[in-house]
Amino acid sequence: KVMKKNILVILSILIITILSGCQKKEEVSTYEQDRVAQYILDNLEPVDGSEIKKIEFLSFEKNTSTQIWEISVELNSSYSLFLSEDRLAENLRISGYSDKEIKVKKENVNEVKYIKNIELIYLREEN
């Protein structure tokens, strides 16, 4: 009886460990956040002609039902922007912004902007 009980306890612990491992939250690296910030600098600009000087990441999470990464950022402490991507390090899509605040840059812009020249506020890693 004791042996049977011990086996059940061990099996229960094993199953719980496996299930909790499957639920492990994927971490979003600063590299991935840099990539998103560079995408924003390359493709978007404020409508008023000002420069993007600050990008703050508000959220970067995987939607468990759609499996799509949803990204929320704030530009220059003023403008909200939402992006999405199917998998990390894949093609980003702009999924929401106000066209009164932000516009997509024209294709043939020669000016290159680098994320090292702006203030970048990463998401804090939760442990």
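Start by selecting helix α2, residues 30-43: in this predicted model, helix α2 lies across β2, β3 (69-75), β4 (79-85), β5 and β7. Turn the view until you can follow β2 as well, and you'll see the helix running at about 125° to that strand.

Now hide the helix and look at what is under your cursor. Five strands make up an open sheet, and their order is β5-β4-β3-β2-β7, with mixed pairing. Which strands stand at the edges? Pick β5 (93-97) and β7 (119-121): each has a single partner strand, so one side of each is left without a neighbour in the sheet. Look along the sheet, and the twist from one strand to the next averages 25°.

Stay with β7 and add strand β2, residues 54-62. The two pair in the parallel sense, over three bridges. To find one spot in this pairing, click Glu-56, whose bridge partner in β7 is Ile-121.

Next stop: Ile-102, in strand β6 (residues 102-104). Is Ile-102 buried or exposed? It's buried, because its relative accessible area is just 1%, and the cut-off for buried is under 20%. Show what surrounds it: beyond its neighbours within four places in sequence, Ile-102 is in contact with residues including Leu-44, Val-47, Leu-75, Tyr-79 and Tyr-97. Take Leu-44: it sits 58 residues away from Ile-102 in sequence, yet their C-alpha atoms are 6.7 Å apart.

Finally, head to helix α1 (residues 2-22) and select Ile-7. Ile-7 is partly exposed, with a relative accessible area of 45%. Add Met-3, Leu-11 and Leu-14, and together with Ile-7 you have a nonpolar patch on the surface, with about 400 Å² of accessible area.

Key. Residues are numbered from 1 along each chain as its sequence is written. This is a predicted model: local features need pLDDT of at least 70, side-chain atom pairs count only at pLDDT 80 or more; totals for chains, interfaces and linings use all residues. Side-chain values use heavy atoms; hydrogens and water are left out. Patches are made of residues with over 30% relative accessible area and no salt bridge: like charges are joined within 9 Å, nonpolar side chains (Val, Leu, Ile, Met, Phe, Trp, Tyr) within 5 Å. Accessible areas come from the Shrake-Rupley method with a 1.4 Å probe; for residues, only the protein chains shown count as cover. A salt bridge is a side-chain nitrogen of Lys or Arg within 4 Å of a carboxyl oxygen of Asp or Glu. Helices (H or I, at least four residues) and strands (E, at least two) are DSSP runs, numbered from the N terminus. Buried means under 20% relative accessible area, exposed over 50%, partly exposed in between (1.4 Å probe, protein chains only). Contact means heavy atoms within 4.5 Å. Two strands pair if DSSP finds at least two bridges between them. Axes are lines fitted to C-alpha atoms, for helices over the stretch in contact, and angles run from 0 to 180 degrees between N-to-C directions.
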